[in-house]
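Below is a short briefing meant to be read beside the sequence and the model. The points are grouped by topic, so that each can be checked against the structure in turn.

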Amino acid sequence: MIKRAFRPAARPSWSRLALAFGAGALGALGQAPWSLWPLALCGFAALIWLYRHTLSAPKAAWIGWAGGAGYFALALFWLVEPFLVDIARHGWMAPFALFFMAGGLALLWAVAFGVARRLGGIIALVALWTVMEMLRSVLFTGFPWATIGHIWSDHAVLQLAAVAGTPLLTFVTLVIAAGPSARKPYVGLAISLVVLAAAWGFGAQRLASHETQNTGKTVRLIQPNAAQHLKWQPEHIGEFLQRAVNLTAAPSDTAPDLIVWPETSVPYPLNDAPQVLEAITRAAGGQPVIVGGNDRVEDGWRNTLALLGPEGQREQVYHKYHLVPFGEYIPFGEALSKLGIRGLASRDGGGFSKGPGPKLIDLPGIGPALPLICYELIFPRRLRGLPRSNVILQITNDAWFGNISGPYQHLAQARLRAVEQGLPLVRAANTGISAVIDPWGRVTAETQLNVAAYLDAALPKPAAPTLYAQFYDWPMRVLLALLLVWRIAARRRLSIDRVPPQE
């Protein structure tokens, strides 16, 4: 049985694999910055049609893998950008990074398609495909970037995230795409249109019935626009630091209540640079300032967010604890560093050290805030298990992500986190896009990409806790489990009915 699955006959024709690859790439066009949801739905619909007309589980798995490879190759092509910052050192890794990431993540789609074919029916595929997208958040530390449900980040359907998060967005997307492949295509298409209209109508009504309300507080976001390939060059360190200080001190009609610098914007160890921190708060006129930098600790370095008091003292500190694999650390980093293999952003062979875990910080006059550093934003589970905050605070350095899609996709995920929790979100990004987002995912103020600027913006009030903030993924887990149990039972019942009666 196993040997037969790997015979050439177990693989679809190259033309069908190419069609699946192209359909997956079409699905990726729903991601930011394109946000072409009609094309994305067509791509997913084509993949489901190919599945519907593939009779064996091995061939269905190949279709799923090819579709996933096309999807992730386009959606995540920005992954090559970090390796091009220092081409001489890391450039050779770029094609391998994209190939292995796209091909590896596509294996999850292959499992969904193959197992669903064993169970039979499109419902099994929709459920298992959603499950595999959920697993991306946790497997091997997780990488839920460009999840299928993210295609709605710029559209009213995004409001469904307040009910059951990204899994519901993914599930609804696949239900809509599955309609044309139903046994009665016209009935299935009608159902798809009804589901799409209902989801869009729910989102539009929710947006129309909730206007942005402000707290009366103003935040200033600092965007120094330090190009990544120059950021740590000795001749440019002082230039970028002074630029951020000047933006902090820029006059305004109303003094900001909080000033936020981006990730690693202070180029010196925070616990060894009291004069620099004092100069920053002096430029801020004594107002609270959030800065990003590195801390020296017993076990190495930590990526750090610090709240500075009026004299430049570090009043509160948060250390990033969900690090970027192969970016901020490499497994067995000390050994691999001897071979010249290091994390892209690491300070030494072992990379960064993890912080102790999530925590809230108290912002003067604003209240509790949930701090997140860059990559941590993409994980919904990082917002759980703590008392409710008044605002989500993200500092990031998206200069690593290039200029085409990465920064826009990161911003799209910030909008999604705001909707899920019903909380405003403030993000300061080194090269952009810095933004203030209200609890319904609307961007109320933003900067342009790749410009040095500051942004003064009103801080929105938080909304009431959403259903997702209270129950998280549990409703979707129960729904998907019930669908799969029902499908397995139906398959078993069909198998029993096919057994000839015993005499």
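Leaving aside its neighbours within four places in sequence, which residues is tryptophan 200 in contact with? In this predicted model, tryptophan 200 is in contact with Trp37, Trp152, His155, Ala156 and Val157, once those sequence neighbours are set aside. The points below begin with this residue, then turn to the nonpolar cores and to backbone geometry.

**Tryptophan 200**
- Tryptophan 200 is placed in helix α10, which covers residues 185-208, and with a relative accessible area of 29% this tryptophan is partly exposed, because that value falls between the 20% limit for buried and the 50% limit for exposed.
- Tyrosine 186 is 14 residues apart from tryptophan 200 in sequence, and the C-alpha atoms of the two residues are 21 Å apart in space.

**Nonpolar cores**
- The largest nonpolar core has 96 residues, of which Leu76, Phe113, Trp129, Ile290 and Leu363 touch the most other members; helix α9 (residues 161-178) supplies the largest share of this core, with eleven residues.
- Apart from this largest core lies another core, of 19 residues, and among them are Ile222, Trp261, Ala273 and Val276.
- Leucine 76, one of the residues of the largest core that touch the most other members, is in contact with Leu98, Met101, Leu105, Phe143, Trp145 and Ala146, again leaving aside its neighbours within four places in sequence.

**Cis peptide bonds**
- Alanine 32 and proline 33 are joined by a cis peptide bond with an omega of about 5°, and proline 33 lies in the loop between α2 (14-28) and α3 (37-52).
- A cis peptide bond also leads from glycine 432 to isoleucine 433, where omega is near 5°, and isoleucine 433 lies in the loop between β9 (425-429) and β10 (435-437).

**Positive phi outside glycine**
- Threonine 264, although not a glycine, has a positive phi of about 45°; this threonine is placed in the loop between β2 (258-260) and α13 (274-283), and it counts as buried because its relative accessibility is 10%, where buried means under 20%.
- Asparagine 450 is a residue other than glycine with a positive phi, near 65°; asparagine 450 is found in the loop between β11 (443-446) and β12 (453-460), and with a relative accessible area of 34% this asparagine is partly exposed.

Terms used: Residues are numbered from 1 along each chain as its sequence is written. This is a predicted model: local features need pLDDT of at least 70, side-chain atom pairs count only at pLDDT 80 or more; totals for chains, interfaces and linings use all residues. Side-chain values use heavy atoms; hydrogens and water are left out. Helices (H or I, at least four residues) and strands (E, at least two) are DSSP runs, numbered from the N terminus. Buried means under 20% relative accessible area, exposed over 50%, partly exposed in between (1.4 Å probe, protein chains only). Contact means heavy atoms within 4.5 Å. A nonpolar core is a set of buried Ala, Val, Leu, Ile, Met, Phe, Trp, Tyr and Cys residues joined through side-chain atoms within 4.5 Å.
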